[in-house]
Amino acid sequence: MNDTELSLTREPGADARRPLALTPGEDLRGYLLAHLGRAVLFGMTFSSVLAVLLILLFVILRSFSFLSGYSIVEFLARRDWRPTADSPVFGSLAIIVGSLYVSFAALVFAVPLGILAAVFLSDILSWKARNLIKPMVEILAAIPSVAYGFFAVLVLAPWMQKHLGLTTGTNALNASLILAIMALPTIISVAEDSISAIGRELREASYSCGATRMETVIKVVIPAAHSGIIAAVVLGMMRAIGETMVVWMASGNATQIPQPWWDVSQSIRTMTATIAGEMGEAPEGSEHRGALFALGVLLLILTFGLNIVSEYFLSRAKKATGKA
Amino acid sequence: MSQESQDMQTTADHIKKSDVRTTVAVTPRKAPADTPADEACECAVIRSENFCLYYGSKTGVKNITMDIYPCSVTAIIGPSGCGKSTFLRSINRMNDLIPHVRTEGRLEVDGHHIYDKRTNLVNLRQQVGMVFQKPNPFPKSIFDNVAYGPRLQGIRRKDELQHIVEQSLRGGALWEEVKDDLNKSALALSGGQQQRLCIARALATRPRVLLMDEPCSALDPIATAKIEDLMGQLQGTYTIVIVTHNMQQAARVSERAAFFCLGELIEYDYTSRIFSNPKKKETEDYVTGRFG
């Protein structure tokens, strides 16, 4: 109390008697501190970039011996994967297709559901209810994937065998349903963000032209938010394609392409599950291990590509809402 | 243009000659005997009787009683937060989008109490169009922006839509500037052009009333002059209600003006009287710049 009174009653201009110029010592200290701080922060940031680059380099290098010794065409185009046979065959087509198959099937379930849920959260629920429910949806992303896997194997698989009359409960349908649930929080959250970012102005413009709420959502809000919604879908797909534990437990791990292609009751196998499942059995330096690393390279290319696509659409979404 | 200035001249004469004191009363104003041309237009389109609007426990506007007459510009002026925009947005029920809004009293458009449960909101909003403070074109082409309302009305035929778009853009004084690139994105237009596009979009639903909520506050003086010109041209056909912070603008464009303060209607009269000879002290203080 006394201090503030003192400082208030101090003679104006008293501080002006303090020197404005830095002494050489102060100058040097400031210079060193600033640069030290910058260097530390730079190092920390760069280490994560370095980690990505090193992982990429490591995986590519480890697959190199295999890719140089084995026919790439055979690796990509053959659909039989027999790593432990007397004359091993590493045809990964069925495995690549399996990965894409469950991811797209998951999207078929998750995209309509996710977008509808996002619209419901942003445009129909009250703000209060939205703030309560959205975090709950996001909690879905925090459940460990092995828990989803348990659910797939112990609940969903027997249920499907019993009620749908399938020979095996661990199949493409099971895996993609669980992947869909796992991709949902990502899709809902990102899509809801981009739909909410379309401001009240556009909605009011639409209502003032005599549009109903449904017309406003379908004709104005979703088209205006389409970049963000596409980004949400791509991020959801990334989540599905990179997921390992659930597909390993739920997909049945049969190296085959479903025949006919729409028969989701057949078992399949994905790249992630193959790598996770066989890495322990493939001896160091063997052709088998190299083949698994080659699968890893493919997986990295896929997820990097999807990441670039989603970044592109997210930046477009940001630009669009920044302008409007 | 000459037609327009003639109109303005007539209005000025009319104001000078009329010696009947306009009151804020609910009863239709008696038209001065020497202005027969105006008589056809004298029954109010919008009639507000003790209209109150609350945001939860907060009062937006209270006890607004005023009649708004057709084929003229009515300005609503007043300090910030006085409920001007709230009242304007009540007229096409835009406030419905805000949670916990409650109304009392009557607000009639064409004799129908629009806060009645059985109000067709789609028809109401098509008859009472709105232009907002910030230009808010849809991120679509110019054509699709203007055709939005008509398409909602179920008009699908290309030639009919083209006709409506052209008429509306002409009405919005934008046709000459954009007629060659109707497929360009509306976001590529300048701010003033965007606002005129929004006016054209509102005209496309063929409204009777046009509500304008500070339509020039985001625009530079040149664009503002264009919009004001446009209001002069439109007032023969449309009933325009404009909320504005700019008193010169209210004086330039409006025939009647209402002064709002703290959610209440203080005074409503011919604009010339509001500015030259206000009856209430608050109005005088505001228009002379002593307050607000």
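Into which domains is chain A divided? Select residues 21-69 for domain 1 and residues 75-323 for domain 2; these bounds come from an automatic or database domain assignment.

The model is predicted, and local features need pLDDT of at least 70, side-chain atom pairs count only at pLDDT 80 or more, while totals for chains, interfaces and linings use all residues. Residues are numbered from 1 along each chain as its sequence is written, and chains are lettered from A and ligands numbered from 1 in the order in which they are written.

**Chain A**

Stay with the two domains of chain A. Their centres, taken over C-alpha atoms, are separated by 33 Å. Nine residues of domain 1 and eight residues of domain 2 take part in the contact between them; two residues are in contact if their C-beta atoms, placed from the backbone, lie within 7 Å. The side of domain 1 that touches domain 2 has five nonpolar, three polar and one charged residues. In this classification Ala, Val, Leu, Ile, Met, Phe, Trp, Tyr, Cys and Pro count as nonpolar, Asp, Glu, Lys and Arg as charged, and the others, Gly among them, as polar.

Next select helix 9 of chain A, residues 213-224. Helices (H or I, at least four residues) and strands (E, at least two) are DSSP runs, numbered from the N terminus. In helix 9, A:Thr216, A:Val217, A:Val220, A:Val221 and A:Ala224 are buried. A residue is buried if 20 or more other C-beta atoms lie within 10 Å of its own, exposed if 12 or fewer, and partly exposed in between, with C-beta atoms placed from the backbone. The five buried residues cover an arc of only 130° around the axis, which puts them on the same side of helix 9 of chain A; the arc is that of the directions from the helix axis to the C-beta atoms. To see what covers them, add helices of chain A including helix 4 (93-124), helix 7 (172-197) and helix 8 (200-208).

Then go to A:Pro260, in the loop between helix 11 (245-250) and helix 12 (271-278) of chain A. The peptide bond from A:Gln259 to A:Pro260 is cis, with omega near -10°.

**From chain A to chain B**

Show both chains. The contact between them involves 17 residues of chain A and 20 residues of chain B. On the chain B side, helix 3 (121-127), strand 6 (128-131) and helix 4 (142-152) each supply at least two residues. By class, that side has eleven nonpolar, six polar and three charged residues.

**Chain B**

Chain B has 292 residues, of which 43% are buried, and its secondary structure comes to eleven helices and ten strands.

Select the open sheet of six strands, whose order is 6-7-8-3-9-10 and whose pairing is mixed; two strands pair if DSSP finds at least two bridges between them. Strand 6 and strand 10 (264-270) are the edge strands, each pairing on one side only. Neighbouring strands of the sheet are turned by 20° against each other on average, direction ignored. Axes here are lines fitted to C-alpha atoms, for helices over the stretch in contact, and angles run from 0 to 180 degrees between N-to-C directions.

Begin at strand 6 of chain B. Strand 6 runs parallel to strand 7 and is joined to strand 7 by four bridges. B:Gly129 has B:Leu210 in strand 7 as its bridge partner. B:Val128 and B:Met130 point one way from strand 6, B:Gly129 and B:Val131 point the other way, and all are buried.

At the other edge, strand 9 (residues 256-261) and strand 10 of chain B pair in the antiparallel sense over six bridges. Within this pair, B:Ala258 has B:Tyr268 in strand 10 as its bridge partner.

Now add helix 2 (residues 84-91) of chain B, which lies across strand 3 (73-77), strand 6, strand 7 (209-213), strand 8 (239-243) and strand 9, at about 150° to strand 8.

Return to helix 4 of chain B and pick B:Ala147. Is B:Ala147 buried or exposed? B:Ala147 is buried, with 23 other C-beta atoms within 10 Å. Leaving aside neighbours within four places in sequence, B:Ala147 is in contact with B:Leu161 and B:Val165.

Two loop residues end the tour. B:Cys71, in the loop between strand 2 (58-68) and strand 3 of chain B, has a positive phi near 55°. B:Ala173, in the loop between helix 5 (158-171) and helix 6 (175-178) of chain B, has a positive phi of about 55°. Most residues other than glycine have a negative phi. B:Cys71 counts as partly exposed, with 18 C-beta neighbours inside 10 Å, and B:Ala173 counts as partly exposed, with 18 such neighbours inside 10 Å.
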